[in-house]
Amino acid sequence: MNKGFPQGFLWGGATAANQCEGAYDVDGRGLANVDVVPIGEERFPIIAGQRKMFDFEEGYFYPAKESIDMYHHYKEDIALFGEMGFKTYRLSIAWSRIFPKGDELEPNEKGLEFYEKLFKECHKHGIEPLVTITHFDCPMHLIEEYGGWRNRKMLEFYERLCRTLFTRYKGLVKYWLTFNEINMILHAPFMGAGLYFEEGENQEQVKYQAAHHELVASAIATKVAHEIDPENKVGCMLAAGQYYPNTAHPRDYWAALQEDRENYFFIDVQARGEYPNYAKKKWERLGIDVEMTEEDLALLRDYTVDFISFSYYSSRVASGDPEVNEKTEGNIFASIKNPYLEASEWGWQIDPLGLRITLNAIWDRYQKPMFIVENGLGAIDTPDENGYVEDDYRIDYLRQHIAAMRDAIVEDGVELLGYTTWGCIDLVSAGTGEMKKRYGFIYVDRDNEGKGTLKRSKKKSFHWYKQVIATNGQDLG
Ligand code: BG6
């Protein structure tokens with residue numbers, strides 16, 4: 001009996017354009033929402049669409065402007081991924097490199113060239129690219145002119161982007177993700193859908209309308225991807241992490257089920273092809289009226305995704321008791337604190353078994369192949385004078401999560417295509433904008449204020465992960 005990972009399992013790492021590329025105004029790139037979110041206290045209200053910041057303002061530091069400048073370092077970085085033995089590298093396209101304003105009819109050739117060279121570089125090292133079409137980014141022009149994803153016109157712009165990418169990169173890319181963590185619309189709507197709320201607006205209505213547009217756009221992307229190249233595989237992407245009831249009290253179980261539904265809502269549509277009844281009932285209760293056409297519903301039904309990808313950092317806890325509200329930080333949305341779990345320096349609780357539970361829950365719900373496209377530990381690293389970091393804490397975290405993932409495959413029989421750790425090279429944190437919250441196997445000399453040489457150095461975990469991949473997950477050190 002096979003006791004390990006399947007042959008051809010796609011080991012690798014993941015990044016997002018705005019968190020690593022920098023070069024925000026180079027080669028014709030247009031301004032995007034992800035550029036104008038500064039580090040500091042106002043970051044979250046901006047991300048959440050509550051504080052308006054549509055351009056750079058005096059007195060703020062915007063980490064995405066330069067980030068780790070992967071735009072100019074990609075060859076060196078991909079060579080390091082190759083040295084670790086990556087089978088895949090998950091990256092995202094900066095929409096405003098391809099269509100600087102978003103509504104042009106013709107793409108920006110310089111932007112297309114950049115990714116073409118990058119994909120070719122990946123293949124040179126035997127790495128299969130896994131491409132997120134939008135990882136939180138939206139050209140600012142589309143936000144100012146059309147209001148972001150609340151507007152149906154976005155379907156047209158997104159389809160044009162997708163057609164351009166699928167045509168140009170045919171034969172170079174076969175794995176695509178339509179929207180990073182699509183459920184973030186509900187928690188970080190400026191990042192998730194370019195939404196800024198005007199005074200007095202029904203925010204839930206706007207969010208679900210935007211969600212509908214993204215869901216239809218995702219179905220169109222799947223359709224077009226298959227038409228252009230039947231080899232293409234298209235996945236959805238969820239910020240996952242199963243909810244546990246806080247106690248065995250039935251009302252806590254009910255609360256956990258409701259919270260899970262809020263997340264699975266998106267995947268229920270993308271994987272099963274229709275709006276679930278619980279969502280329709282919720283909209284009825286809240287007086288939400290999502291405008292949709294018969295054609296939209298047919299697209300959702302006919303073009304479901306090929307696989308389900310997700311990020312996993314932690315499980316979450318829900319309570320039906322209004323008195324219980326001690327929260328802990330998590331991936332954008334906070335959860336009730338789980339007393340049985342340790343936490344990272346940022347308060348994200350650590351739960352490897354929760355990954356096995358989440359894998360099983362998703363598998364039981366959909367029976368579609370899965371892909372873990374983010375997992376990792378954000379921690380403060382202290383390098384020696386050569387940039388070397390002894391990051392045993394990171395190795396421990398990853399070892400336990402990989403073991404849980406192996407159990408889910410070997411003992412439970414879930415189907416998993418691959419695993420890409422988050423931030424395989426240190427990059428800017430999406431949640432806080434910090435550099436000191438590091439996830440990488442590769443240390444990058446840059447700090448929260450943007451100072452540093454950008455020099456790349458291998459951490460202890462670099463060598464460890466290399467061995468994990470070389471043995472197809474048999475040797476976890
Ligand atoms: C996910 C995102 O939310 O988690 C990434 O897809 C993000 O973009 C990652 O970086 C980790 O979160 P953070 O806030 O630690 O960067």
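This report covers the ligand site and the two largest pockets of a predicted model.

## Ligand surroundings

The ligand sits in the largest pocket. Around the ligand there are 15 residues, and those that come nearest are Gln 19, Glu 181, Glu 374, Lys 437 and Tyr 439. This shell comprises six nonpolar, six polar and three charged residues.

## Polar contacts and burial

Oxygen atoms of the ligand take part in contacts with both side chains and backbone. An N or O atom in the side chain of His 135 is 2.8 Å from a ligand oxygen. For Tyr 313, a polar side-chain atom lies 3.4 Å from an oxygen atom of the ligand. Ala 430 contributes through its backbone, where a polar atom is 2.8 Å from a ligand oxygen. The ligand taken alone exposes 380 Å², and the protein buries 98% of that.

## Largest pocket

The largest pocket holds about 490 Å³ of space. It is lined by 28 residues, with Trp 348, Ser 429, Ala 430, Gly 431 and Thr 432 closest to its centre. Ala 430 is thus named both here and among the ligand contacts. By class, the lining has 12 nonpolar, nine polar and seven charged residues.

## Second largest pocket

About 220 Å³ of space lies in the second largest pocket. Its lining has 13 residues, and Gln 258, Arg 261, Tyr 278, Lys 282 and Arg 285 lie nearest the centre. Two helices, α10 (250-272) and α11 (277-286), each give two or more residues to this lining. The lining residues divide into six nonpolar, one polar and six charged.

How values were computed. Residues numbered from 1 in each chain as written. Predicted model: local features only at pLDDT ≥ 70, side-chain atom pairs only at ≥ 80, totals over all residues. Heavy atoms only, no water. Near = heavy atom within 4 Å. Polar contact = N/O pair within 3.5 Å; in protein donor to acceptor, adjacent residues only side chain to side chain. Areas by Shrake-Rupley, 256 points an atom, 1.4 Å probe, with all protein chains shown as cover. 1 Å grid on protein atoms, 1.4 Å probe; cavity = no way out; pocket = protein on both sides within 12 Å on 5 of 7 lines; lining within 4 Å. Sits in = over half its atoms within 2 Å of the grid points. Nonpolar A, V, L, I, M, F, W, Y, C, P; charged D, E, K, R; others polar. Points joined across faces, edges and corners; volume = space filled by probe spheres on them. Helix = DSSP H or I, 4+ residues; strand = E, 2+ residues; numbered from the N terminus.
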